[in-house]
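Colleague: I am new to this structure and would love a close look at a single part. Could you walk me through the salt bridges?

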Amino acid sequence: MALDTQPTDTELRDQTLAFLRAELPAGWMDAVDAGDEARFAEARRDLNYRDWCRRLGEAGYATPTWPVEYGAGLSLTPGQAKHVNEVLTHYRVPRPFNIIGIGMGGPTVITWGTEEQKHRLLRGLATNEEIWCQLFSEPGAGSDVAGLSTRAERDGDEWVVHGQKVWTTLAHIARWGMLLARTNPDVPKHKGLSYFVLDMHAPGVEVRPLVQITGDAEFNEVFFDGARIPDSMRVGPEGEGWRVAITTLMNERVSLSGAGSLAGDAVGGSPIDMLIKRHHPVTHALQRQRLAQLYIDGRLIRLNNQRAADKRRSGAEAGPEGSITKLMQAEYNQRLQKLAVDLEGSGGAAWEPTGASRPEGPLAYIGGMGEDRPAIARGFLRAQANTIEGGTSNVMRNILGERVLGLPKEPDNSRDLAWKDVPRSV
């Protein structure tokens with residue numbers, strides 16, 4: 001769907017509502033408006049998630065700020081997109097689980113990619129047909145991403161990749177990977193990197209799942225043994241991969257930065273209001289105080305997100321403010337999930353089986369699903385990763401100290417050395 005003229009806010013809402021009425025199963029919107037959970041659950045069972053994501057993406061509503069000419073957006077400003085997203089959120093519309101691709105890969109391609117890359121890659125992202133993963137962290141380069149050692153060597157019109165990545169979310173189902181690799185070891189570590197979009201099905205790419213505390217294996221380690229990438233899939237200039245990667249990292253922190261994002265202030269897949277409703281009235285004084293503080297913190301995160309959105313609305317790129325809300329949200333969600341378990345009493349640690357199967361699918365790890373005790377316990381376990389993934393809380397504090405408060409950087413004797421001369425463990 002292309003919007004030929006700039007619509008008013010009311011027109012945007014009306015257009016979004018008209019799309020939902022035409023495309024959602026019968027009774028879905030009426031059930032939401034009436035608060036009829038049983039009727040909503042029945043309508044939800046009639047929705048084919050894969051087909052829905054394709055239709056939502058093709059219509060532009062999955063990524064409304066992306067340029068319409070690439071078949072993946074509506075060319076709306078962030079302020080206009082806010083009205084679209086409010087309607088989608090109100091009617092509990094399922095979104096693509098491709099958070100890495102949509103939240104990080106797409107903005108990077110839009111900023112740095114060639115026209116050919118934009119036409120080839122953006123539509124599959126928006127329609128959820130091509131999942132993406134991020135190939136940055138390595139066993140010897142986690143917080144210090146620029147110190148990575150995976151190498152890409154030029155061979156004609158291709159690059160040959162050798163090395164290893166780790167903690168790669170969704171690599172086991174991904175079609176494309178955002179790869180940061182060293183292409184010049186003779187210059188300082190930040191200057192010898194290049195950025196590629198890698199075909200995860202290419203020969204020489206091996207993915208090994210890593211099982212976590214929840215029993216899932218959403219993270220992976222990825223090995224490259226002579227994997228080849230066409231130079232046409234290099235994003236940005238050769239040797240400028242760090243600058244491209246900064247775009248990805250800034251958008252990653254916005255994607256993970258809290259209330260209103262896919263991470264959300266969620267417990268068992270429900271907003272904090274549902275936690276209050278589930279346990280009303282909370283009679284224990286300390287638990288009531290914790291709940292009130294979390295309610296306040298959630299609103300503060302939303303306000304800070306709004307400030308960041310206002311900055312982007314003015315045309316600015318995502319900046320270090322994403323680190324503020326990423327830090328706040330990670331620690332907030334851990335406190336929230338801990339309280340959710342505590343409010344269940346002994347039922348938060350052990351429960352009678354209900355016969356219901358555990359949630360499945362790539363999104364099952366985000367805050368849990370439903371309000372049952374297994375999902376709440378699972379949300380608590382998954383939340384332990386929040387202060388590690390997307391940049392540890394300590395790294396976020398360093399970024400805020402240096403880029404927001406203007407404090408001096410940590411001493412780094414390797415910053416001006418050629419990467420090959422930097423001492424490292426073997």
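Modeller: Happy to; here is a tour of the salt bridges, pair by pair. Please keep in mind that this is a predicted model. The count of salt bridges comes to 34. As general background, side chains of opposite charge can pair when their charged atoms come close.

Let's begin with E129, which pairs with R123; the closest N and O atoms of this salt bridge are 2.9 Å apart. E129 is partly exposed, at 46% relative accessibility, and R123 also counts as partly exposed, at 31%. Both residues belong to a network of salt bridges that links E23, D51, R54, R55, E58, R123 and E129.

Next, look at R228, which forms a salt bridge with D155, again with 2.9 Å between the closest N and O atoms. R228 sits in strand β7 and D155 in strand β2 (residues 151-155), so this pair ties together parts that are 73 residues apart in sequence. R228 has a relative accessibility of 38% and counts as partly exposed, while D155 is partly exposed at 39%.

Finally, find R234 and D231, whose side chains meet in a salt bridge at 2.9 Å, N to O. Are these two buried or exposed? With a relative accessible area of 18%, R234 is buried, because buried means under 20%. D231 has a relative accessible area of 18% and is buried as well.

Terms used
Residues numbered from 1 in each chain as written. Predicted model: local features only at pLDDT ≥ 70, side-chain atom pairs only at ≥ 80, totals over all residues. Heavy atoms only, no water. Salt bridge = Lys/Arg side-chain N within 4 Å of Asp/Glu carboxyl O. Buried < 20%, exposed > 50% of the residue type's maximum accessible area, 1.4 Å probe, protein only. Helix = DSSP H or I, 4+ residues; strand = E, 2+ residues; numbered from the N terminus.
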